[in-house]
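User: I would like to go through this model with you, beginning with the ligands. Could you take me through it step by step?

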Amino acid sequence: MRVLTGIQPSGDLHIGNYFGSIKQMVDAQKENDTFAFIANYHAMSSGNGGERLAELTMQTATDFLALGIDPEKSTFWVQSDVKEVLELYWVLSAFTPMGLLERAHSYKDKVAKGISANHSLFSYPVLMAADILLYSPDIIPVGKDQIQHVEIARDIAIKFNNEYGEVFKLPEFKIEEDVATVPGTDGQKMSKSYKNTVNIFGEEKKQLKTIKKIVTEQIALEAPKEYENCNVYNMAKLFLNENECQELQERYKRGGEGHGHFKLYLHDVIWEYFAPYREKREYYKMHQDEVRDILKTGANKARTVTSPLIEQIRSLTGINY
Ligand code: ADP
Ligand code: TRP
């Protein structure tokens, strides 16, 4: 089965990205033909500027490799190293009704928040459809916020196929129910736009400071506590096995410990979980040329898939004359 994902190099990676996307990809490598890319064209709409985008592209690639994307098992590249995606983006634009994009949540939400929209924000789902359809994947593992984008990709593919035959494979999204939405420090969805993230590779002191800020109910130390709706528990359970979860639940129910104790525990759990990844990250940070080589090799591998498809599309659409 071919599994594909893209991640924007638009900031430091957080544990929402990890459980919602990266870990699923790493796990998928065992049994699937996995395709993972750094969506640097997409990240242009986040307005970080050129220098920062280049830096974040390398940082994100480094972090992905550290977190377990294995270039031997996966095809791993930077979106802009396979320029055919922009050609397909234009072709697909001709099969994208305006209404389909006007209904996109990501665009509507940003406009509602007063972010002035430019065309790249509006047409973002078409580029994402090109990312997906160019590689004929079976499955796209996503967080809930990206479901609509995969559906838009399907709709566009269907329109194209209606005119030219079964050219594009229709992709399916996959949500890991347990981690569908990782909560942030304020209990909302964790997202860098909400400034409520716990980063994967932050400094230890900073991580502790962030975790101490997690919003919890005000309740006496001795009192038994609710764990179900506790932001600390809900974050911790992502890292714990069943027994560890139960032990933590018991500590909540028993009383005698405050949320401060649970926060310290959560900090330790997260810090320990990412320890081996931090080590690997240090290695890749010292060997950035190796990271670049991996990405270029990945792009060449990706192109072996795109070339025949793009040729077929050029012929069908009359671009080859
Ligand atoms: P952010 O919201 O911080 O800008 P992105 O939009 O760059 O994050 O998300 C990158 C990937 O991580 C996407 O696949 C997205 O669905 C997933 N993701 C982001 N935040 C979460 C979250 N809180 N819970 C689950 N998955 C998430
Ligand atoms: N839009 C995705 C996000 O913000 C990133 C992305 C771009 C993507 N192209 C993709 C994800 C293709 C999956 C498949 O998270």
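User: What does the side chain of H14 contact in ligand 1?
Analyst: This is a predicted model. In it, an N or O atom in the side chain of H14 is 2.7 Å from an oxygen atom of ligand 1.

User: And how much of ligand 1 does the protein cover?
Analyst: Of the 540 Å² of accessible area that ligand 1 has on its own, the protein covers 91%.

User: Which other polar atoms come up to ligand 1, say from V182 or K189?
Analyst: V182 uses its backbone: an N or O atom there lies 2.8 Å from a nitrogen atom of ligand 1. K189 uses its side chain, where an N or O atom is 3.2 Å from an oxygen atom of ligand 1.

User: How many residues surround ligand 1, and which are the closest?
Analyst: Ligand 1 is surrounded by 17 residues, the closest being H14, D145, V182, S191 and K192. By class, the shell holds five nonpolar, nine polar and three charged residues.

User: Which element gives the most to that shell?
Analyst: Helix α1, residues 15–28, gives the most, with four residues. The helix also belongs to a right-handed β-α-β unit, made by β1, α1 and β2.

User: How do the two strands of that unit pair?
Analyst: β1 and β2 (residues 33–38) pair in the parallel sense, over six bridges. Within that pairing, R2 stands opposite D33 in β2. Strand β1, residues 2–7, is mostly covered, with five of its six residues buried.

User: Now ligand 2. Which residues are the closest there?
Analyst: The closest are Q8, Y124, M128, D131 and Q146, out of 13 residues that surround ligand 2.

User: What are the polar distances for Q8, Y124 and Q146?
Analyst: For Q8, a polar side-chain atom lies 3.1 Å from an oxygen atom of ligand 2. The side chain of Y124 has an N or O atom 2.6 Å from a nitrogen atom of the ligand. For Q146, a side-chain N or O atom is 3.1 Å from a nitrogen atom of ligand 2.

User: How much of ligand 2 is covered by the protein?
Analyst: The protein covers 88% of the 370 Å² of accessible area that ligand 2 has on its own. The elements that give two or more residues to its shell are β1 and α7 (119–133). Of these, α7 gives the most, with four residues.

User: And what is the make-up of that shell by class?
Analyst: The shell around ligand 2 has seven nonpolar, five polar and one charged residues.

User: Changing topic: why is β3 described as largely enclosed?
Analyst: All of its residues, five of five across positions 74–78, are buried, so strand β3 is largely enclosed by the rest of the structure.

User: Which way do its side chains point?
Analyst: S74, F76 and V78 point one way from β3, while T75 and W77 point the other way, and all are buried. Side chains in a regular strand alternate between the two faces of the sheet.

User: What about its pairing with β2?
Analyst: β2 and β3 pair in the parallel sense over five bridges. F35 stands opposite T75 in β3.

User: One last item: where does F239 lie, and is it buried or exposed?
Analyst: F239 lies in the loop between α10 (231–236) and α11 (242–254). Its relative accessible area is 10%, and buried means under 20%, so F239 counts as buried. Its C-alpha atom is separated by 10.0 Å from that of E272, 33 residues apart along the chain.

Technical notes: Residues are numbered from 1 along each chain as its sequence is written. Chains are lettered from A and ligands numbered from 1 in the order in which they are written. This is a predicted model: local features need pLDDT of at least 70, side-chain atom pairs count only at pLDDT 80 or more; totals for chains, interfaces and linings use all residues. Side-chain values use heavy atoms; hydrogens and water are left out. A residue is near a molecule or strand if one of its heavy atoms lies within 4 Å of it. A polar contact is a pair of N or O atoms within 3.5 Å; within protein, one must be able to donate a hydrogen and the other to accept it, and residues adjacent in sequence count only if both atoms are side-chain atoms. Accessible areas come from the Shrake-Rupley method with a 1.4 Å probe; for residues, only the protein chains shown count as cover. Ala, Val, Leu, Ile, Met, Phe, Trp, Tyr, Cys and Pro count as nonpolar, Asp, Glu, Lys and Arg as charged, and the others, Gly among them, as polar. Buried means under 20% relative accessible area, exposed over 50%, partly exposed in between (1.4 Å probe, protein chains only). Two strands pair if DSSP finds at least two bridges between them. A crossover is right-handed if, with the strands pointing away from the viewer, the path from the first strand over the helix to the second runs clockwise.
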